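Grab a coffee and open the structure viewer. Here is a set of short exercises, each followed by a worked solution.

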Amino acid sequence: MCIAWLRDHPGHIEALAAAHVEAFGALEPGWTVADAAAELRTHLRAEAAIPCTLLALDAAGDWLGSVSLLDEDHPHIRQYRPWLASLYVRPSARGRGVGEALVARARAEAAALGVGCLYLYCSGTVADWYRHLGWREHERIALGPLHLQVMAIDCATVA
């Protein structure tokens, strides 16, 4: 497995967009695959900057998972930024460290961009998984019917 920039593998945008809408569409009713693909295309700049997306790729170049760094992840929680967002690992690749590798690399990239603190939001047992990676609970929020935890991590301590 290797971690690469989406900008270097734009052929994965459509499949990735479809996976994101399926996994995260409940957070934004009406969000379409075309919308998600358009958002991902904004992550294709040549220079290191937020927004950006990282892919985990297998030896054949097929994507196993992805994660993004965003300046804003939801219009109702703009008080925190930037965000680790849209962590997604294909079901066939789960349990093999792909998610952990993506989160670690995204945190390191955020640190390289001068980010002091990175945020994410999640729910349920996913919060326990992030705690295992060193994230701490920052705030509990409600987004419509969803009750979520905003979590944070210091990027300055990345080894």
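**Exercise 1. Find where the confidence is lowest and where it is highest in this predicted model.**

Start with the low end: strand S6, residues 136-143, has a mean pLDDT of 84, the lowest in the protein. At the other end sits S2, with a mean of 97. For the protein as a whole, the mean pLDDT is 90, and 96% of the residues reach 70 or more.

**Exercise 2. Work out how many residues of S2 are buried and which way they point.**

Step one is the count. Six of the six residues of S2 are buried, so the strand is largely enclosed by the rest of the structure.

Step two is direction. In a regular strand, side chains alternate between the two faces of the sheet. Now check the residues here: Cys52, Leu54 and Ala56 point one way, while Thr53, Leu55 and Leu57 point the other way. Both sets are buried.

**Exercise 3. Identify the strands that pair with S2, and say in which sense.**

Take S1 to begin with: S1 and S2 pair in the antiparallel sense, over four bridges. Here Trp5 stands opposite Leu54.

Then take S3: the pairing with S2 is antiparallel too, over six bridges. In this pair, Leu57 stands opposite Trp63. S2 and S3 form a hairpin with five residues between them. Look in the turn for Gly61, which has a positive phi of about 90 degrees.

**Exercise 4. Describe the surroundings of Trp5.**

First, place the residue: Trp5 is in strand S1. Next, check its exposure. The relative accessible area is 12%, and the cut-off for buried is under 20%, so Trp5 counts as buried. Then list its contacts, leaving aside neighbours within four places in sequence: Cys52, Thr53, Leu54, Arg105 and Glu109. Finally, try a distance. Trp5 and Leu44 are 39 residues apart along the chain, and their C-alpha atoms are separated by 8.4 Å.

**Exercise 5. Is His12 buried or exposed, and what does its side chain reach?**

Begin with the location: His12 lies in the loop between strand S1 (2-5) and helix H1 (13-24). Its relative accessible area is 16%, so His12 is buried. Its side chain reaches the backbone oxygen of Gly61 at 3.0 Å. That is the glycine in the hairpin turn between S2 and S3. Not counting residues up to four places away in sequence, His12 touches Leu55, Leu57, Gly61, Asp62 and Trp63.

**Exercise 6. Show how the buried residues of helix H2 are arranged, and what covers them.**

Pick out the buried residues of H2 (residues 33-41): they are Ala36, Ala37 and Leu40. Seen down the helix axis, these buried residues fall within an arc of 100 degrees, so they line one face of H2. What covers them includes H1 and S2.

**Exercise 7. Map the largest nonpolar core.**

Size it up: this core has 27 residues, and those with the most contacts inside it are Leu84, Leu118, Tyr130 and Trp135. Then ask who contributes. S2, S3, S4, H3, S5, H4 and S7 each supply at least two residues, and the largest share, five residues, comes from H3.

Now zoom in on Leu118. Not counting residues up to four places away in sequence, its contacts include Leu84, Trp135, Leu69, Ala110 and Met151. Apart from this core lies another, of 15 residues, among them Ile13, Ala37, Leu57 and Trp63.

**Exercise 8. Compare Ser86 and Leu87: which is buried and which is partly exposed?**

Both are found in strand S4. At 18% relative accessibility, Leu87 counts as buried. Ser86 has a relative accessible area of 22%, so it is partly exposed. The backbone of Ser86 deserves a look as well: its phi is near 55 degrees, a positive value in a residue other than glycine.

For Leu87, move on to contacts. Not counting residues up to four places away in sequence, Leu87 touches Phe24, Ser66, Val67, Gly99, Leu102, Val103, Trp129 and Tyr130. Leu87 and Gly65 are 22 residues apart in sequence and 7.4 Å apart in space, C-alpha to C-alpha.

**Exercise 9. Locate the cis peptide bond from Ile50 to Pro51.**

Go to the loop between H2 and S2, where you will find Pro51. Then check omega for the bond from Ile50 to Pro51: the value is near 15 degrees, and the bond is cis.

Key:
Residues numbered from 1 in each chain as written. Predicted model: local features only at pLDDT ≥ 70, side-chain atom pairs only at ≥ 80, totals over all residues. Heavy atoms only, no water. Buried < 20%, exposed > 50% of the residue type's maximum accessible area, 1.4 Å probe, protein only. Polar contact = N/O pair within 3.5 Å; in protein donor to acceptor, adjacent residues only side chain to side chain. Contact = heavy atoms within 4.5 Å. Arc of directions from axis to C-beta. Core = buried A, V, L, I, M, F, W, Y, C linked by side-chain atoms within 4.5 Å. pLDDT = per-residue confidence, 0-100. Pairing = 2+ DSSP bridges.
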